[in-house]
Amino acid sequence: MSTTLLVVIALVLFVIVIFQLARTTEYVAMLRGEEKAQLDADKVNARLFLVFMIGGGIALVWSLVHYEPYMILHASSVHGQWLDSMFNITLFFTGIVFIITQVMLFYFVWKYKHTKDRKALYYPENNKLEMWWTVIPAIVLTALVIIGIYRWFQITGPEPADSMVVEITGQQFAWNYRYPGPDGKLGNHEYEYIDAINKVGIDFNDPAAKDDFMGSEMHLVVNKPVLLRIRSKDVIHDVGIPWFRVKMDAVPGLTTRFWFIPTVTTADMRTKLNNPDFNYEIACDQLCGKGHYGMKGLVIVQTQQEYDEWASKQQSFYETMVKGTDEEKRFADLSAQLKTQKAAEAAKEHHE
Amino acid sequence: MSNEVSSPVVHPVFEGDETHHQDSEGELHDHGHAEHHKEYFFTKYIFSQDHKTIGKQFLFTGIFWAFVGGMLSVIFRLQLGFPNQSFPILETLFGKWAPGGIISPEFYYMLVTMHGTILVFFVLTAGLSGTFANLLLPLQCGARDMASPFLNMLSYWFFFMASCVMLTSFFLPSGAADVGWTFYPPLSGVKESAPGAGLGADFWLVGMALFIFSSLLGGLNYITTVLNLRTKGMSMNRLPLTVWALLITAILGLISFPVLLGAAILLLFDRNLGTSFYLDKIYINGHPLEGHAGGNAILYQHLFWFLGHPEVYIIILPAFGLVSEVIANNARKPIFGYRAMILSMLAIAILAFVVWAHHMFVTGLNPFVASVFVLLTLLVAVPSAVKVFNWIATLWQGNIRFTPAMLFAIGFVSMFISGGLTGIYLGNSALDIQLHDTYFVIAHFHIVMGISAFFGMLAGVYQWFPKMFGRFMNNTLGYIHFWITFVGAYAIFWPMHYMGLAGVPRRYYSFDAFQSFNMFGDLNKFMTIAAMLVFFAQILFILNFVYSIFRGRKMTDPNPWKSNTLEWTTKIHPGHGNWDGPIPEVYRWPYDYSKNGDEFIPQTEPYRPGEEKLHH
């Protein structure tokens, strides 16, 4: 408490000092004459802009070099690499514009500061110039748009035929992973079947669902395309996996999708980064409540062999958690209910 | 001056609208009105219908909210810069929201939600448009007051009511809203989804509805005044760029704010009346959400961003106008490319309506639809670039006077370049995949709104403070204010680009759980300290502002900046009706600076024989 009080007192005193300084300089300026005072201020501030430009430029370069290893500049996925080169192209063009405009701004501000003999030039317009600096940016931006949309359609287009599928369902505040099991097909799901045990509402009437298994992490196979089917149980979440350049909202009531091809195994990343504890992490990227910052998921990229080994040890959710338990009975009741409900709705539609 | 001033015919818009009236002979006369009303304290200062007073009311309230919103950010930046560190003062001040001197996640989310809401709407919309449209439009157009002073007064008081509702929400037991300033359902639509999704959220929605009424009433006035009440000779192509900017802003607001009102009302219905516009298939807190089915959460996002995107242009356009005026005046040069500046603002305004879904690229939007929005979004970069080039060209061969206003205008250009360029990355949907909802976005919108637009507002305050109060703000404090803020703002927000590129998500209370994100500890400390310094500089500004109203150096020259525009042709303390005699007539555009040896030629000066006329 006393620290705070001291800090506050110090700040107040500091402010008073600055205030008095400011008032004094104003009196002095009035005495010396407004014109002279303004001229001096012009000189100082113009110089400060130049200093800012140079100092800022140095700080910029230093920070880029220093933080480069922190930024994930080389993606671990196929489409991620497309996006990296797209990013670099954008950086090239915007970097040029950034440097030219900022330098011109600060240089002009310094060079054309008011001095006793300076007169401004009455030059109100130049339509030809306007045309050039409209057309050239438009051309560059069109190029960026074309590249961008081309890649966008590739990324959002249909997944390759040999893709594996994983369903990831977000909830406050965790991720649920469902795998298709040996038949390679994810069973259907229905909102009405969600409960404390059947967390993602698997429809056990669907034969394809009987061998689905749940996991505590996302296991993927290196160089094999994977389609993520993304769902949510409560509010909007988002599956974000920075190293793979994956980002897609999880919306209750819908299933969204995102496919990609991981290119570096977890083990190889650990070697590459010289970090034996490295893991690919899923972050929730849409504010979902007070636990939003804690919704971490783990992604493990393995060789096909390692994955098969892991998968063979996983047991069907139906067999282990549902069959022969109260949950099975509960599901049967819910299922019957849902069937009646759907029949009634269909009948209504027929009549309308 | 003859009494036969033939100004445009004006009819009182509403009963009791006494600013313009006909005398007994049925002729419209322009003369000052100070002698006609008896003014009570209440009608002169509180429920004033004078646009200049209303402008000040918006400014004072805007400054109050800027202080609150800035303070909120210092608190949550304490958590981000010094996580897990106890500051006992926080528990003293905030009790249950900061147990053990560490702010709780619930409190953190309340802080970021209200910070965004307050700054976007209450400071940068009401505080910026409200202040300067009210102050400048009638004066710069050559009108006695707004078209409807009564509606104008109402627009401030609806803003005041909205402010009361928002402020009160902080003191509710469950606290203010904590679902993000964007308020997406189902998080905001289901009361049990978060602590601040309860009563605080209802207060927020009601507060926003009141705020929207305020904006609409103001906007109606601004448009009508500019279109109908310009003085003789003030054709549209002789209007200062401030007026153009504020006019276009008002049109944008008029069309887009009602959509947010609709979105908010539907949300209130979902929350309180059992409807399901946005809700479907929700299983929350261990139970299904009964009675809500068939809605679509994405509908809200379309409705929200249909306002939300134009909103950011509503914020930046007035800054464009103010900065153009300040730069031309202080460089003693015509603004370069007056026509191009107007056309670019029009282009930006039109495009503003058709880019909203670039906020929704990763919602599962139809990819083809998304691609259309990519094209339109990157298109809007073109007129923005043109404006930047024009400002720089205005400085070229100028004769630059560095008042605090000019410093902020120059700083604006630098910031707008930085922030605008990162928009090009975000608007390209494929790149947005990586950058969406990361610190890269935070960097972008803070630099372009939080700083650029704010700098425009500050430039306006410093430049027009003498007009409002007949005194000057202290220059030394102004210089200190600028340099700390300019350097500090870059220090706070530039590093966020790096964090964004590393994938660090926004709206995270802490990064402890993630090895991917927890390496920016030192950088976060640095940004927090910079934020505190910048906040401190704003306190200096507020002190300067308040002090100077009462004890600032007095204006002796009614046109201290040697400006050409009409507001400087009134006397130093303009009364009701602005001009004592008839309203001046206008003969030229406002940018004849340094023409043929004349340092400035006010709009009220006719063309000399043989003087070169532009197309204005």
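The following conversation concerns a predicted model and its chains A and B.

Biologist: How many residues does each chain put into the contact between chain A and chain B?
Modeller: In this predicted model, chain A contributes 96 residues and chain B contributes 104 residues.

Biologist: Which helices and strands of chain A supply at least two residues each to that side?
Modeller: The helices are helix 1 (2-32), helix 2 (34-67), helix 3 (78-111) and helix 4 (127-156) of chain A. The strands are strand 6 (237-241), strand 7 (246-250) and strand 9 (280-284) of chain A.

Biologist: And which one gives the most?
Modeller: Helix 4 of chain A does, with 15 residues on the side that touches chain B.

Biologist: What is that side made of, by class?
Modeller: The side of chain A that touches chain B has 53 nonpolar, 23 polar and 20 charged residues.

Biologist: Turning to domains, what does the assignment give for chain A?
Modeller: Domain 1 covers 19-112 + 126-156, and domain 2 covers 164-342. Their C-alpha centres lie 44 Å apart.

Biologist: How many residues does each domain bring to their contact?
Modeller: Domain 1 of chain A brings 8 residues, and domain 2 of chain A brings 10 residues. On the domain 1 side, 4 are nonpolar, 4 are polar and none is charged.

Biologist: Now helix 2 of chain B: is it mostly covered or mostly uncovered?
Modeller: Helix 2 of chain B is mostly covered, as 24 of its 31 residues are buried.

Biologist: What span should helix 2 of chain B have?
Modeller: Helix 2 of chain B runs over residues 51-81, so at 1.5 Å a residue its 31 residues should span 45 Å. Its end C-alpha atoms are 43 Å apart, which agrees.

Technical notes:
Residues numbered from 1 in each chain as written. Chains lettered and ligands numbered in written order. Predicted model: local features only at pLDDT ≥ 70, side-chain atom pairs only at ≥ 80, totals over all residues. Helix = DSSP H or I, 4+ residues; strand = E, 2+ residues; numbered from the N terminus. Expected span 1.5 Å × (residues − 1). Buried ≥ 20, exposed ≤ 12 C-beta atoms within 10 Å, placed from the backbone. Domains from an automatic or database assignment. Contact = placed C-beta atoms within 7 Å. Nonpolar A, V, L, I, M, F, W, Y, C, P; charged D, E, K, R; others polar.
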